[in-house]
Amino acid sequence: FQEEGLQYKPHVVLIGYVSKDMFRHVNTFRPFYFSDTGLPLTKPRFIIDNRKLSLIPNPILRLGDYIMLLSQPKETLATIGKNDFFYSKKYKSGKLDFSPTVRLLKIGVNNISNGSIESIVVSSGAFKVTKKIFDEFYASVMNHNAIPVIVIFPEMADITSYRNSKTKNYLPLTSYFDSRDYQYIDLMEVFDKAGKGYKFKKLFVNGHYSSFTNALVAKHIQS
């Protein structure tokens, strides 16, 4: 928006959001968050300093840095992990790893902790950083005389939870939007109405919205 969008002098700015964005906001090296990723790359992230967003630069900027990661993985990953929430939660080797029982227990604990991570905890750092990003993004749009509208794109897990229990995983976030009078479009309505009778294989392709779903979403936003 800041580097490219402003040149078009928009009247309305749509701010897209999916649930996993919250956890990406506290991640600097993707494999720490998603070990099966095909993108073993680093990225910058924000922290909150004196109630404002402060940018932590990308820890790896050059090819030589990635070569260092491959040649000295333990030391380099520890440095990258200092500002990564998931680094401290992941399985780490230890002196007792010669025991299969110890390794199994550590993997089990790791899976349980990762499961608890995949939920919105109001007091969590991820939630606080996400709120602050929305605050500054929303204010920036308004300061440029445009109308900001947040668009929430539910993921499969969100839709499953809602279909089973009518519970929205991201309710704390929309409650925050309501408290700030932020305008937003919750696309769960699409899956609860126009897309209600369709199975996930019709709605998603490799975890992403299908062309069919994108058409439903576009029509809903347009209306």
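Asp 181 sits in the loop between α8 and β5. Keep in mind as you look around that this is a predicted model. Asp 181 has a positive phi of about 60°, even though it is not a glycine. Most residues other than glycine have a negative phi. As for solvent, Asp 181 has 66% relative accessibility, so it counts as exposed, the cut-off being over 50%.

There's another residue of this kind in the loop between β2 and β3, namely Arg 51. Its phi is near 70°, again a positive value in a residue other than glycine. Arg 51 counts as exposed because its relative accessibility is 73%.

Now step back for the overall layout. The protein has eleven helices and seven strands. Of its 223 residues, 34% are buried. If you take the contacts between residues at least 6 apart in sequence, 60% of them join residues at least 24 apart.

Leu 173 is a good place to see the chain coming back on itself. This leucine belongs to helix α8, which covers residues 171–179. How far apart are the C-alpha atoms of Leu 173 and Ser 19? They are separated by 9.8 Å, with the two positions 154 residues apart along the chain. Leaving out residues up to four places away in sequence, Leu 173 touches Tyr 17, Phe 127, Thr 130 and Phe 134. Leu 173 has a relative accessible area of 0%, so it is buried.

Two of those partners, Tyr 17 and Phe 134, turn up again in an aromatic cluster. Ring pairs link them with Tyr 138, Tyr 176, Phe 177, Tyr 182 and Tyr 184.

What about aromatic pairs in the structure as a whole, how many are there? The count is 17. Take Tyr 198 and Phe 212: their ring centres are 4.7 Å apart and their planes meet at 65°, so this pair is edge-to-face. The pair links distant parts of the chain, 14 residues apart, with Tyr 198 in the loop between α9 (188–192) and α10 (200–203) and Phe 212 in helix α11 (residues 211–222). Both rings have some access to solvent: Tyr 198 is partly exposed, with a relative accessible area of 35%, and Phe 212 is partly exposed too, at 23%. Phe 200 and Phe 204 make another edge-to-face pair, 5.7 Å from centre to centre with 80° between the planes. Here the two partners fall into separate classes: Phe 200 is partly exposed at 25% relative accessible area, whereas Phe 204 counts as buried because its relative accessibility is 6%.

On to a charged residue that is tucked away. Asp 186 lies in strand β5, residues 184–186. Is Asp 186 buried or exposed? With 13% relative accessibility, it counts as buried, since the limit is under 20%. Which side chain does Asp 186 join through a polar contact of 2.7 Å? The partner is Lys 168. Setting aside neighbours within four places in sequence, Asp 186 is in contact with Ile 152, Pro 154 and Tyr 170 as well as Lys 168.

Thr 37 gives you a second buried residue with a side-chain partner. You'll find Thr 37 in the loop between α2 (30–33) and β2. Its relative accessibility is 15%, so Thr 37 counts as buried. A polar contact of 3.0 Å joins its side chain to that of Arg 30. Beyond the neighbours within four places in sequence, Thr 37 is in contact with Arg 30 and Pro 31.

Finally, have a look at the largest pocket, which has a volume of about 600 Å³. Its lining is made up of 20 residues, and those nearest the centre are Gln 2, Phe 46, Leu 53, Ile 133 and Phe 137. Several elements each supply at least two lining residues: β1 (12–17), α1 (21–24), β2 (45–49), β3 (52–56) and α6 (125–143). Which of them gives the most? That's α6, with five residues. By chemical type, the lining divides into ten nonpolar, four polar and six charged residues.

Methods. Residues are numbered from 1 along each chain as its sequence is written. Side-chain values use heavy atoms; hydrogens and water are left out. On a 1 Å grid over the protein atoms alone, a cavity is a set of points where a 1.4 Å probe fits but cannot get out, and a pocket is an open set with protein on both sides within 12 Å along at least five of seven lines; lining residues have an atom within 4 Å of a point. Grid points are joined across faces, edges and corners, and a volume is the space filled by probe spheres set on the points. Helices (H or I, at least four residues) and strands (E, at least two) are DSSP runs, numbered from the N terminus. Ala, Val, Leu, Ile, Met, Phe, Trp, Tyr, Cys and Pro count as nonpolar, Asp, Glu, Lys and Arg as charged, and the others, Gly among them, as polar. Buried means under 20% relative accessible area, exposed over 50%, partly exposed in between (1.4 Å probe, protein chains only). A polar contact is a pair of N or O atoms within 3.5 Å; within protein, one must be able to donate a hydrogen and the other to accept it, and residues adjacent in sequence count only if both atoms are side-chain atoms. Contact means heavy atoms within 4.5 Å. Rings of Phe, Tyr and Trp (its six-membered ring) pair if their centres lie within 6.5 Å; planes under 30 degrees apart count as stacked, over 60 as edge-to-face and the rest as tilted.
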